[in-house]
Amino acid sequence: MSVLLQTRGLNAGYDRVPVVRGFELTLREGEVVALLGPNGAGKTTVLLTLAGLLPALGGEVAVHGQDVHRASPRALSRLGVVLVPDDRSLFTTLTSRENLQLGRVKGGLSVDEVLDYFPALRKRLDVRAGMLSGGEQQMLAIGRALVQRPRILLIDELSMGLAPVIVQELLPVVRAVATDTSAAVVLVEQHVHLVMGIADHAIVLAHGEEVLSGPAAELRANPELLERAYLSERHAPREVAA
Ligand SMILES: Nc1ncnc2c1ncn2[C@@H]1O[C@H](COP(=O)(O)OP(=O)(O)OP(=O)(O)O)[C@@H](O)[C@H]1O
């Protein structure tokens, strides 16, 4: 599987002050990477930087092998980097259908194809986005990303404000999208056990540094590794053998 995105020693932060240091990520086609860690660890900062909304403060970022550490959000979006932010950023006064039609690019999924992933939206197409339930809004936010033909899909806190049972429904859809379209997905998620059920790889950040990185299968078999990474936020970074 070819590498879609790679970072080496990425520093990211605000006003030239790094809050994330030395971030390493290799994203391959069809792969789902869970980006985990306690509040304030730097997860959102990483996603905003990969989407070009924050400048990289050091290190390397490549998309399809091309250096993009100074690329604009628009240039990154043309390369297929699409962010679903934690506030979902829907046009709340427009209908679900209009939200999907507005973002569509050539080669992106059609509205009908989005509805195949999220059939619950079918009867809500003519309802304003602001009137949808939290779960429906999240479906629409992901749907709006899918019409943009993402090759690298960055999803921040899919579960924000949602009941776990809804999260449990949505995560397998994200997995299916990655498998069907070969897009790579980075998922920032607080429901660690749920996301570990669909991820291929997990990275845990604490205080802006990686404290654990490894194949999800390995971490599912050794849950104490994840617990330790969360509990002892200060221990030395470690890698789980691939
Ligand atoms: N706009 C900002 N200006 C300055 N510092 C910020 C800004 N946004 C976040 N930070 C700081 O950067 C650090 C990382 O924040 P970030 O939001 O990336 O963490 P997170 O892991 O996504 O946490 P959460 O789960 O709470 O969203 C925190 O110390 C936070 O206070």
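H207 counts as partly exposed because 15 other C-beta atoms lie within 10 Å of its own. Here is how that label works: a residue is buried if 20 or more other C-beta atoms lie within 10 Å of its own, exposed if 12 or fewer, and partly exposed in between, with the C-beta atoms placed from the backbone. Before going on, remember that this is a predicted model, where local features need pLDDT of at least 70, side-chain atom pairs count only at pLDDT 80 or more, and totals for chains, interfaces and linings use all residues. Residues are numbered from 1 along each chain as its sequence is written.

**Some loop and helix residues**

H207 sits in the loop between β9 (201-206) and β10 (209-215). Names like these come from DSSP runs, numbered from the N terminus: helices are H or I with at least four residues, and strands are E with at least two. The backbone angle phi of H207 is near 50°, which is a positive value in a residue other than glycine. S89 also has a positive phi, near 45°, and is not a glycine either.

Here are four residues with their places and neighbour counts.

| Residue | Place | Other C-beta atoms within 10 Å | Label |
|---|---|---|---|
| H207 | loop between β9 and β10 | 15 atoms | partly exposed |
| S89 | loop between β6 and α3 | 12 atoms | exposed |
| T95 | loop between β6 and α3 | 18 atoms | partly exposed |
| Q168 | helix α6 | 14 atoms | partly exposed |

T95 shows how the chain can bring together residues that are separated in sequence: T95 and D126 are 31 residues apart in sequence, yet 5.3 Å apart in space, C-alpha to C-alpha. Leaving out residues up to four places away in sequence, T95 touches L125, D126, V127 and R128. Touching, or being in contact, means that the C-beta atoms of two residues, placed from the backbone, lie within 7 Å. Now take another pair: Q168 and D67 are 101 residues apart in sequence and 36 Å apart in space, again C-alpha to C-alpha.

**Two domains**

The protein is split into domain 1 (3-80 + 150-231) and domain 2 (98-149). Those bounds come from an automatic or database domain assignment. From one C-alpha centre to the other, domain 1 and domain 2 are 23 Å apart. Where they meet, eleven residues of domain 1 are in contact with nine residues of domain 2. On the domain 1 side, helix α6 (residues 164-181) supplies the largest share, five residues. That side has nine nonpolar residues, two polar ones and no charged ones. In this sorting, Ala, Val, Leu, Ile, Met, Phe, Trp, Tyr, Cys and Pro are nonpolar, Asp, Glu, Lys and Arg are charged, and the others, Gly among them, are polar.

**A mostly covered helix**

Helix α5 (residues 134-146) has 13 residues and spans 18 Å from its first C-alpha to its last, close to the 18 Å expected at 1.5 Å a residue. To get the expected span, multiply 1.5 Å by one less than the number of residues. Ten of the 13 residues of α5 are buried, which makes α5 mostly covered. Among the buried ones are Q137, M139, I142 and L146. What does the covering? Among the elements over the buried residues of α5 are β6 (81-84), α3 (96-103), α4 (111-117), β7 (152-156) and α6.

**A four-stranded sheet**

Four strands make an open, antiparallel sheet in the order β2-β1-β4-β5. Its edge strands are β2 (17-28) and β5 (66-67), each pairing on one side only. Strands pair if DSSP finds at least two bridges between them. Strand β1 (residues 3-14) and strand β4 (residues 56-63) run antiparallel and share six bridges. Looking at β4, V61 is the bridge partner of T7, while A62 stands opposite Q6. On the β5 side, A62 stands opposite D67. Two bridges join β4 to β5, and these strands form a hairpin with two residues between them. In that turn, H64 has a positive phi of about 50°.

**Around the ligand**

Which residues are around the ligand? They are Y14, V19, G37, N39, G40, A41, G42, K43, T44 and T45, where being near means having a C-beta atom, placed from the backbone, within 6 Å of the molecule. Helix α1 (residues 43-50) gives the most to this shell, with three residues. By class, the shell has three nonpolar, six polar and one charged residues.
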